[in-house]
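The exercises below are to be solved with the sequence and the structure at hand. Each task is followed by a worked solution.

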Amino acid sequence: MSETDELIQIAGKYAAPAEPEPVKDEWPEPIPFFDFYGPLGDFVHLLEPETEADPAALYVQALAVVGNIIGRNAYCIVRDSRHFPNLFVGIVGPTSGARKGTGGDSVAALGKTLDPQWHKEGIASGISSGEYLVERVKDSD
């Protein structure tokens, strides 16, 4: 083996690893249009042509708003457990371009129509810290 071949072999041991495979975008397929059913599905179907917000985000936010307005006065029994309509939803997306606020505003308008008092007391904005969020959502003393 020549000195050059030996140097190439040694250099190969310390060469940068091959370029990694690009990570596949693992974003789920959109929920089919027909899977939004009931009155809130109709609400999403009416809004969809008028907004850039994701239909699934609109739907889960609408479920959360209506469930919050209903409160823990209604429930379904599954086996031996009561299931209340209260949901906790987090809409996540890039800052500015994901249309999170656009969709949220449309759903908040639905809440205002259904229960103006709830809208006045139940919508918080400017949540800038975890402490404020905890204070805002904790049960009454």
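**Exercise 1.** How many residues does the largest nonpolar core have, and which of them have the most contacts inside it?

*Solution.* The model is a predicted one. Its largest nonpolar core consists of 14 residues. Those with the most contacts inside this core are L40, F43, V44, L58, A62, V107 and L110. Next, assign the core to elements: α2 (38-47), α3 (55-70) and α4 each give two or more residues to it. The most comes from α3, with five residues.

**Exercise 2.** List what L40 touches, leaving out residues up to four places away in sequence.

*Solution.* With those sequence neighbours set aside, L40 is in contact with Y59, A62, L63, V66 and L110. Two of these partners, A62 and L110, are also named with L40 among the core residues with the most contacts.

**Exercise 3.** Is S106 buried or exposed, and which residues does S106 touch beyond four places in sequence?

*Solution.* First locate the residue: S106 lies in helix α4, which covers residues 100-114. Its relative accessibility is 19%. The cut-off for buried is under 20%, so S106 counts as buried. Beyond four places in sequence, S106 touches F43 and L47.

**Exercise 4.** Classify I70 by relative accessibility and give the C-alpha separation of I70 and F84.

*Solution.* I70 belongs to helix α3. Because its relative accessibility is 38%, I70 counts as partly exposed; that class lies between under 20% and over 50%. Along the chain, I70 and F84 are 14 residues apart, and their C-alpha atoms are separated by 9.2 Å.

Methods
Residues are numbered from 1 along each chain as its sequence is written. This is a predicted model: local features need pLDDT of at least 70, side-chain atom pairs count only at pLDDT 80 or more; totals for chains, interfaces and linings use all residues. Side-chain values use heavy atoms; hydrogens and water are left out. Helices (H or I, at least four residues) and strands (E, at least two) are DSSP runs, numbered from the N terminus. Buried means under 20% relative accessible area, exposed over 50%, partly exposed in between (1.4 Å probe, protein chains only). Contact means heavy atoms within 4.5 Å. A nonpolar core is a set of buried Ala, Val, Leu, Ile, Met, Phe, Trp, Tyr and Cys residues joined through side-chain atoms within 4.5 Å.
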